[in-house]
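Open the model in your viewer and keep the selection tool ready. The stops below say what to select and what is there.

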Amino acid sequence: MIDTHAHIYLEQFKEDIDDVITRAKELGMEKVYLPNIDRTSIDNMLSLEERYPDFCVATMGLHPCSVKADFEKELYLVEDWLGKRYFAAIGEIGTDLYWDKTFIDQQIEAFKIQTQWAKDYKIPIIIHCRESLDMTIDLVEELRDESLKGVFHCFNGTVEQARRIEELDFFIGLGGVSTFKNSGMNEVIPEITMNNVVLETDSPYLAPVPHRGKRNEPAYTQLVAQKIADYRETSLENIISETTANAKRLFQLT
Ligand code: NI
């Protein structure tokens, strides 16, 4: 299994990160991708990758919730890091209308600039969107070229929105929300194809049932996979092998 989205470099994991990694490896997890947030998260993210170089993989980008009036300064830093070393993806980037709509124009501009960098470096984008899925799919449709790839992380949209993402040949990240009774995903997940689905946790946030409300961790990826298998009336092994192959295609590991 691959956890395509986890912020395990945050302070919630400071005390027991080695145990967290051990539990994930014991379940057969191969890799955990670490989306960046902003200038404050870079050092911790890179030191975690350095500690577990075959397991933790850093990405680089500016999160939409960190796009403020000074976003250009933040973007210079991202650009500088991209020139200095290899990153597996640009992330996480996108739009968020849930917390604060003040900087939506800047969020869109930052998204466009960072998507161009993904094209330049030929790496995928990790997309965050909240209360803004249709708008962000529109944006990707506008910016897309033959080479641009990416994942809509923490997908909790409709079957129709999933189809639009599949048509873009983008990926759908399913995480803890898929296991929540009130998310409606029990009806959506059986209706979408698995060709573009990848697994994620978004640790430490959005822990799957039965850990809802507690700290999330990469080992819980398997709980998400099991729930998808239940909804689709198939085996856990099937879901794991399909989503792992998809994650490798997303991150160009094959
Ligand atoms: Ni995230």
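The tour goes from a sheet to a helix and then to two pockets.

This is a predicted model, in which local features need pLDDT of at least 70 and side-chain atom pairs count only at pLDDT 80 or more, while totals for chains, interfaces and linings use all residues. Residues are numbered from 1 along each chain as its sequence is written, and side-chain values use heavy atoms, without hydrogens and water.

**The sheet.** Select strands 1, 2 and 3 (strands are DSSP E runs of at least two residues, helices H or I runs of at least four, numbered from the N terminus). They form an open, parallel sheet in the order 1-2-3. Strand 1 (2-3) and strand 3 (56-58) are the edge strands, each pairing on one side only; pairing takes at least two DSSP bridges. Strand 2 (residues 31-34) pairs with strand 3 over three bridges. Now pick Tyr 33: Val 57 in strand 3 stands opposite.

**The helix.** Add helix 2 (residues 42-51). Helix 2 lies across strand 2 and strand 3, at about 140° to strand 3 (axes are fitted to C-alpha atoms, for helices over the stretch with heavy atoms within 4.5 Å, and angles run from 0 to 180 degrees between N-to-C directions).

**The second largest pocket.** A pocket is an open set of points on a 1 Å grid where a 1.4 Å probe fits, with protein on both sides within 12 Å along at least five of seven lines; lining residues have an atom within 4 Å of a point. Helix 2 gives the most to this lining, four residues. Among the lining residues are Tyr 9, Phe 13 and Arg 51.

**The largest pocket.** Finally, select His 128, Cys 129, Arg 130, Cys 154 and Leu 206, which lie nearest its centre among 26 lining residues. Strand 5 supplies the largest share, three residues.
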